[in-house]
Structure formats: structure tokens, C-alpha cells
Amino acid sequence: MDAKIRVLLIFLIICNTLLLLFLTNLTLGTREDLTGLQTTLATKSDLMNLKQASSEDVLQQNCGRCHSESRFASFHGNEPELLAMIQEMQSMTGSQINPNDVEKIHASLELLRCNTCHEQNRLRMLGLKSEEERKDLIGKMLEKTNSTPDREEVDRLNRSYQQLYGF
């Protein structure tokens, strides 16, 4: 009986050793995979730096044939006036405004007021903020332009931002 217990004990020690080696190998392999993965992960900031359509790009593509950049920069009215103006431009002969781009054009014209002080890269960085932080920042920026922002205007600019940049 002693011989059977010794054989069983040696067998269990060998199995235990093999399992320990196997788990050690798995752990080291996982560690190497994680080390390699850290260099390939993209941060939210990296995603923001990818080429995305900016308000200037959308306007240039859809409106640049007939209008100059200085024309874009002028005030275009409130939301219903903007939509009416875009629809009017869309119905003009030779207009190449894609119906799928109307919302982006509208969002771009809304965000032009931000471009008077900020570059496109600065606007893209708003995507790094939460929606509530973004709304607070939009409200503060509107106050700096000597206007009294209402919640509807802040929400409208935030919606325009989300429409154009997707955040």
C-alpha cells in the first residue's frame, strides 16, 4: 500500500508542477499581450484628432461653389430662418446640396458663431467633455459674447455639435 500512495503522490506532484508551469506560461503570455496592447490603444483624444468633417468642410463642399467664406461667417438668423434659407438654397437651379447634408449644413451654420473665437481643433476637443460639461462651457462662452444664453440656445448648439462631430 505504501508503494501505491507513493506513486499517487508522485503523480499528483508532477501534475501540480505541470499545471503551475502552464499557468505561469499563460500569465507571461497575457502580460506580453497587454504590454503590446497598451501601445495600440487609442484614447478619446486620439479619436478626436482623426479627420472629421468640420463645419468649414461641410459648408465648403455644399455652399462653396456659390458663396465665399466671408459669406458663411455672417449671421444667418435663428433656427427656423436657417432651415428656410437652406431649403431655399437647395431649391435653386444648379444647387448641389444633398438632402442628407441639410442637417449637417444647419449644424455647421449654427457652430459658425463658435469659429469666430475658436479654431476647429478647439471645437473638436469638446468631445472629450461630458455632455453636461460641454453644455456648461457653451453657456459660459455665450455669456462672453455679451448675449444672455437661454437653455434652448445652449441645447441647440450642443445638438449641432453632436450632429457634426458625433459626440
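Start with the whole protein chain in cartoon view: nine helices and zero strands, in the order α-α-α-α-α-α-α-α-α along the sequence. Helices (H or I, at least four residues) and strands (E, at least two) are DSSP runs, numbered from the N terminus. This is a predicted model, in which local features need pLDDT of at least 70 and side-chain atom pairs count only at pLDDT 80 or more, while totals for chains, interfaces and linings use all residues. Residues are numbered from 1 along each chain as its sequence is written, and side-chain values use heavy atoms, with hydrogens and water left out.

Keep the whole chain selected for two totals. Of its 167 residues, 26% count as buried (under 20% relative accessible area, with exposed over 50% and partly exposed in between; 1.4 Å probe, protein chains only). Among contacts (heavy atoms within 4.5 Å) with a separation of 6 or more, 67% join residues 24 or more positions apart.

**The core**

Next, select Leu 59, Ile 105, Leu 109, Leu 111, Leu 164 and Tyr 165, the residues with the most contacts inside the largest nonpolar core, which has 22 residues. Such a core is a set of buried Ala, Val, Leu, Ile, Met, Phe, Trp, Tyr and Cys residues joined through side-chain atoms within 4.5 Å. Colour α3 (55–63), α5 (79–91), α6 (102–115), α8 (131–144) and α9 (151–165), the elements that each give two or more residues to this core. The most comes from α6, with seven residues.

**Where α5 meets α6**

Show α5 and α6 alone. Their axes come within 10 Å and cross at roughly 130°; the axes are lines fitted to C-alpha atoms, for helices over the stretch in contact, and angles run from 0 to 180 degrees between N-to-C directions. The two helices are therefore oblique to each other (under 35 degrees is roughly parallel, over 145 roughly antiparallel, 65 to 115 roughly perpendicular, and the rest oblique). Now add side chains: α5 makes the contact with Glu 79, Leu 82, Leu 83, Met 85, Ile 86 and Gln 90, and α6 with Val 102, Ile 105, His 106, Leu 109 and Glu 110.

**From α6 to α9**

Centre on Leu 111. Beyond residues up to four places away in sequence, Leu 111 touches Leu 157, Ser 160, Tyr 161, Leu 164 and Tyr 165. Finish on Ser 160, in helix α9, which counts as buried because its relative accessibility is 4%. Leaving aside neighbours within four places, Ser 160 is in contact with Ala 107, Glu 110 and Leu 111.
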